[in-house]
Amino acid sequence: MLDKKQLSERDICTKFITPAIEQAGWKDKFLEEVSFTDGRIYVRGKMTARGKAKRADFILYYKSNIPIAIIEAKDNKHTVSDGMQQALEYARILDIPCVFSSNGDGFLFHDRTATDETIEQEVSLEDFPTPETLWERYKRYKGLETEAEEAIAAQDYFVDSSGRRPRYYQQIAVNRSTEAIAKGQNRILLVMATGTGKTYTAFQIIYRLWKSRRKKRILFLADRTALIDQTRRGDFKHFKDKMTIIRKKVVDENGRARMVVNRKRGIDSTDKAYEIFLGLYQGLTGTEGIDTYKDFSPDFFDLIVVDECHRCSAADDSAWREILTYFGNATHIGLTATPRETEAISNSDYFGDPVYTYSLRQGIEDGFLAPYRVVRVGLNIDLEGWRPPKGKLDKRGNPVEDRIYNRSDFDRNIVVDERRRLVAEKITEYLKGHNRFAKTIVFCVDIEHAEGMRSALARQNADLVRQNYKYVMRITGDEEEGKRELDNFINPEERYPVIATTSKLMTTGVDAQTCQLIVLDSNIHSMTEFKQIIGRGTRINEEFGKLYFTILDFRNVTDLFADPDFDGDTVRIKVLGEADTLATIEAEEQTDLDPLVDEESGEALKPEPPRIRYLVQDADAGANEPSGKVYINGVDVSVLVSRELVFDNDGKPLLVGLKDFTRDKVREKFRSLDDFLTYWSAADRKEAIVAELAAQNVLLDAFTAAVDKEADLFDLICHVAFDQNHSPAANGPKT
């Protein structure tokens, strides 16, 4: 006789759970051992490792990409309900209403739609619910009441030979959006962090609504030509000859308004026979009163998808809002990573509360987005201010106004040669210690500053610039030469440009998959702009060794991490002192950081060095020098000595010493020395304590070095956290 107690969990699944659900009609409607996250990336110096992915034992689908039930399996040494809590957590993440746990004897069914004692009940192996039964629960959970609503919600996704499937959060975003529209909601807001595939999500939403014929003519709006081109060449290419781009209306030589000619089709107006339209805001509205969108009737479009809606449609009085008002009867979907909420501007006032939010924090925890390190560099004239000595002349021989200049002045209205040179030196030091061909974006105050930094960086990297003068380039909106290289910069296959200096052009809409260094040398006060800039580095590209990125902050912009609206936390933050060099940071951190430990399981992870691959291609740059600023030199500029900071789990920089931080974190977990001793006494608990403190960002190696390199970690924790000395071999505190 088969002894279930001797079977493994996998055997229980194969011999009991799978036959039970197949008998109920789920054959070919379920997946086993579904990993729905990639596992968080952990960074220590140059080394990286992945934590464990979240994995469901069974996910049951009514139709492809419409999950309606989850099963968590345990071996038969457990009870039938032992897997329920884990299953409920996974169901919450995956937005699934029907939850089961099983040990092979039967099932415990948790119905998230129930409001009475039927919320949990046991089900035998022979009585597992059919797909139709659980679909009824799903419809109740989603509030789908009519056949028309059900038809839209059950519409198939787009699939092709690549076998690509949406990630779980994209699936939720698509399903919630289509279900909301099916129920008659006409204003939809999706908030998804940069790098999480908003365009692919939009494509699947549009495709399902278009195929179901609920929405027949659709307009996708963006505010950058690059975004339209990426969309057309990317996922939207599957619309083929059903798609067109709306051309901008211009004034010809006779003063008549005409459309820019579509040379391929030989027409001078937008053909209304298409069903999917792509358009620029700027192409549909004009400063000369030429409004291309009025060539369409107000009821022409059924659906308008607004990409980066925080930039253009949030303000009531924006010219671009005119388009949405004109097509007011259509359903409007807003996509953004950074919704704007101010007294004057509000995305939620227009679109309503988000139907789904996938944050930067969640993306990093799931391993879909790259974590980041922060290095702050505090310059003396930035932090202390600078007052010109008596009789100080600028480079043109004019007297410099006598007042105190600070960080907000530099490069905006006064240019200090030595400051720019030092910033360029520190950027170069970092790259030399890391990888001189790591794609880098330097965010500057304005175009002139971007050109000045290009020149300063070229001088610091003369050896590589001599080999290829496109090693560093200015990419700004006013200069065609640099803009033409934007595609090469973001293309992982292209080696050049390596360093891009910019002001505003690259803050959004730039899919820089391999960007490994973001330099902040601009006074950024907008949380929206800050999030967008951080988003330039959050994409992962494992093939090219991009698993994390570094933020090099010269303006204390990363103070915005402490803003409650910011939803991400950093791996580490280090403030550079005068004696530090960026070239040595990577080597120091190999011994100055905790071991790599998976935060969820506590297991040690084996790090692997990043793989790097490059292909070579060439490009070029240009320059300009606007007037209006005061240019000076002969100023003593240096890096001030400061202290190291860490971020807590809420993404806030802790402005306390390392010892105080460690003490507070230990006391959060252990209220007394006796509690700590009870946990520490067991050998298997020691590693767990270390892992838990590491998960709370306690840098134990750095803490040991700062307090007493020779002392035992146990004694140090006792001394700092509880003001007592103790030896593990003793029964009580030392005297």
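Me: Why is E136 called partly exposed?
Reply: In this predicted model, E136 has a relative accessible area of 44%. Buried would need under 20% and exposed over 50%, so 44% leaves E136 partly exposed.

Me: And why does K139 count as buried?
Reply: K139 comes in at 11% relative accessibility. The cut-off for buried is under 20%, so K139 makes it.

Me: What makes E136 and K139 a salt bridge?
Reply: Their closest N and O atoms are 3.1 Å apart, and the limit for a Lys nitrogen and a Glu carboxyl oxygen is within 4 Å, so the pair qualifies. Both residues belong to helix α3 (residues 131-142), three residues apart, or about one turn of the helix. An α-helix has 3.6 residues a turn, so residues three or four places apart point the same way.

Me: Which salt bridges lie within helix α17?
Reply: Among them are E480 with K483 and R484 with E481. In the E480 and K483 pair the closest N and O atoms are 3.1 Å apart, while R484 and E481 meet at 2.8 Å, N to O. Both values sit within 4 Å, so both pairs count as salt bridges. Each pair is three residues apart.

Me: How do you know that R484 is exposed?
Reply: R484 has a relative accessible area of 53%, and exposed means over 50%, so R484 gets the label. E481, its partner, is at 26% and counts as partly exposed, because that value is between the two cut-offs. E480 at 46% and K483 at 29% are partly exposed too.

Me: How many salt bridges are there in the structure?
Reply: The structure holds 39. Some are linked up: D382, D411, R419, R420, D446, E448, D521, R555 and K629 form a network.

Me: How do you know that the span of helix α5 agrees with what it should be?
Reply: At 1.5 Å a residue, the 15 residues of α5 (residues 168-182) should span 21 Å, and the end C-alpha atoms are 21 Å apart, so the two agree. After α5 comes G184, with a positive phi near 100°.

Me: What makes α5 mostly covered?
Reply: Of its 15 residues, 14 are buried. The largest nonpolar core has 55 residues, with I70, Y168, I206, F236, F239 and Y356 making the most contacts inside it. α5 gives the most to this core, eight residues. A second, separate core of 40 residues includes Y405, L422, L552 and F554.

Me: Why are β1 and β8 said to stand at the edges?
Reply: The six strands form an open, mixed sheet in the order β1-β4-β5-β6-β7-β8. β1 (30-35) and β8 (120-124) each have a single partner strand, so one side of each lacks a neighbour in the sheet.

Me: What makes β1 and β4 a pair?
Reply: Pairing takes at least two bridges, and five join β1 to β4 (residues 55-63), so the two strands pair, running antiparallel. One bridge puts L31 opposite I59 in β4.

Me: Why does K240 count as exposed?
Reply: K240 is at 63% relative accessibility, over the 50% cut-off, so exposed is the word. K240 lies in the loop between α7 (225-233) and β11 (243-245), and its phi is positive, near 50°.

Notes:
Residues numbered from 1 in each chain as written. Predicted model: local features only at pLDDT ≥ 70, side-chain atom pairs only at ≥ 80, totals over all residues. Heavy atoms only, no water. Helix = DSSP H or I, 4+ residues; strand = E, 2+ residues; numbered from the N terminus. Expected span 1.5 Å × (residues − 1). Buried < 20%, exposed > 50% of the residue type's maximum accessible area, 1.4 Å probe, protein only. Core = buried A, V, L, I, M, F, W, Y, C linked by side-chain atoms within 4.5 Å. Salt bridge = Lys/Arg side-chain N within 4 Å of Asp/Glu carboxyl O.
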